[in-house]
Amino acid sequence: MEHFSVTVRVRLFAMMAAGNSGNETLELQLPDGATVAGARQELVRLRPQLKWPVKTMVAVNMEYAGEQTPLHDRDEVAIIPPVSGG
Amino acid sequence: MTEPPDIQFFQQALDPAAAVARVTGPQAGGIVTFLGITRAETDPRQGVLVALDYTAYEEMALAELRKLAEAAAVRWPVRGLVIWHRLGTVAVGQPSVMIAVSCPHRGEAFDCCEFVIDELKKLAPIWKKEIYENNARWQAERESPIG
């Protein structure tokens, strides 16, 4: 039986955040050995209506990260849609 | 870098004179500044642009900009560096971002300033929402298809 021991904090910004604040936080429960790809799949399952702009990146603990990056309990996973600062 | 870089977000108006003062010093033979301003625009459907509304993943943006300042200091003899960015509502005609760089010579300062604003726009997790008189939209909704 799969053991869900990894709880990550997910940050959503801009057009991906619920409501009008541009900033939303939620928690995901993930199985042991979870990766960024797994967190993305779980978020899609929980929020099927969420639109992902092309070129959306993911950051783990404030560092841009690839899909295979492993996740650990209490990591912060930020979904970064295309940036537009300046 | 002679002085540590001054990297901040502001909810209030940016003060360009204060940024220049921050990087002025006896080793600073050339100071280059860049100000990014909310530009007037008219959209056929949305009407006139009133303001931009900025939001950021602040902790990560500050970390990215600190890394950017370190990279700049490796490439140029930076004596002082200011990277200030607005959050919240920035009306048309008002500055949203301010870069000030001082180096011994002007060529270095011009190149470094351009590098800093270009990389900020690529890497820093900051987003602008365009507030038109008839509507508001996040900029990426216009620039890239939603998939």
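Modeller: Contact, in this discussion, means heavy atoms within 4.5 Å. The model before us is a predicted one. With that in mind, consider V116(B): leaving aside neighbours within four places in sequence, this residue is in contact with L68(B), A72(B), L81(B), I83(B) and I99(B).

Biologist: Which residues touch the most other members of the largest nonpolar core?

Modeller: In soluble globular proteins, nonpolar side chains tend to be buried together. Here the largest nonpolar core has 32 residues, and L81(B), I83(B), I99(B), V116(B) and L120(B) touch the most other members.

Biologist: Which elements give two or more residues to this core?

Modeller: They belong to chain B: the strands β1 (6–10), β4 (47–56), β5 (80–86), β7 (95–103) and β8 (126–132), together with the helices α2 (58–75) and α3 (106–123). The most comes from α3(B), which gives seven residues. A second core, separate from this one, has 30 residues and includes F13(A), L28(A), V36(A) and A78(A).

Biologist: Let us turn to the sheet in chain A. In what order do its five strands lie?

Modeller: The order is β2-β1-β5-β3-β4, in an open sheet with mixed pairing. An edge strand pairs on one side only, and in this sheet the edges are β2 (23–30) and β4 (63–65) of chain A. From one strand to the next, the twist averages 30°.

Biologist: How many bridges join β3 of chain A to β5 of chain A?

Modeller: Four bridges join β3 (residues 57–60) to β5 (residues 76–80) in chain A, and the two strands run antiparallel. To locate the pairing on the model, find M57(A), which stands opposite I80(A) in β5(A).

Biologist: Where does helix α1 of chain A lie?

Modeller: Helix α1(A), residues 36–46, lies across β1 (6–13), β2, β3, β4 and β5 of chain A, and it runs at about 110° to β2(A). Within α1(A), the buried residues are V36(A), A37(A), A39(A), E42(A) and L43(A). Their cover includes β1, β2, β3, β4 and β5 of chain A.

Biologist: How should one read the interface between the chains?

Modeller: The size of an interface is often given as the accessible area lost when the parts come together. Chain A and chain B bury about 2200 Å² between them, with 59% of it on carbon and sulfur atoms. On the chain A side, M62(A), S84(A) and G86(A) lose the most area to chain B, together 28% of what that side buries. Counted by contacts, 25 residues of chain A meet 29 residues of chain B.

Biologist: How many salt bridges does the rule find across the interface of chain A and chain B?

Modeller: Side chains of opposite charge can pair when their charged atoms come close. Two salt bridges are found across this interface, while the structure holds 13 over all chains. One pair crosses between chains, from R11(A) in strand β1 of chain A to E59(B) in helix α2 of chain B. Their side chains meet at 3.4 Å, N to O. R11(A) and E59(B) also belong to a network of salt bridges that links them with R9(A) and E76(A).

Biologist: Is R11(A) buried or exposed?

Modeller: The cut-off for buried is under 20% relative accessible area. R11(A) has 7% relative accessibility, so it counts as buried. E59(B), at 37%, is partly exposed.

Biologist: What do the salt bridges within a helix look like?

Modeller: In helix α2 of chain B, K67(B) and E64(B) lie three residues apart, about one turn of the helix. Their side chains meet in a salt bridge of 3.2 Å, N to O. K67(B) is partly exposed at 35% relative accessibility, whereas E64(B) is buried at 8%. Helix α3 of chain B offers another case: K122(B) forms a salt bridge with E119(B), the closest N and O atoms being 2.8 Å apart. Because these two are three residues apart in α3(B), about one helical turn separates them. K122(B) is exposed at 56%, and E119(B) is buried at 18%.

Biologist: Which residues does R86(B) touch?

Modeller: R86(B) lies in strand β5 of chain B and, with a relative accessible area of 7%, is buried. Not counting residues up to four places away in sequence, R86(B) touches F9(B), F10(B), Q11(B), Q12(B), A13(B), L14(B), Y54(B), P95(B) and S96(B).

How values were computed: Residues numbered from 1 in each chain as written. Chains lettered and ligands numbered in written order. Predicted model: local features only at pLDDT ≥ 70, side-chain atom pairs only at ≥ 80, totals over all residues. Heavy atoms only, no water. Core = buried A, V, L, I, M, F, W, Y, C linked by side-chain atoms within 4.5 Å. Buried < 20%, exposed > 50% of the residue type's maximum accessible area, 1.4 Å probe, protein only. Pairing = 2+ DSSP bridges. Axes fitted to C-alpha atoms, helices over the stretch in contact; angles between N-to-C directions. Buried area = accessible area lost by both parts, 1.4 Å probe. Salt bridge = Lys/Arg side-chain N within 4 Å of Asp/Glu carboxyl O.
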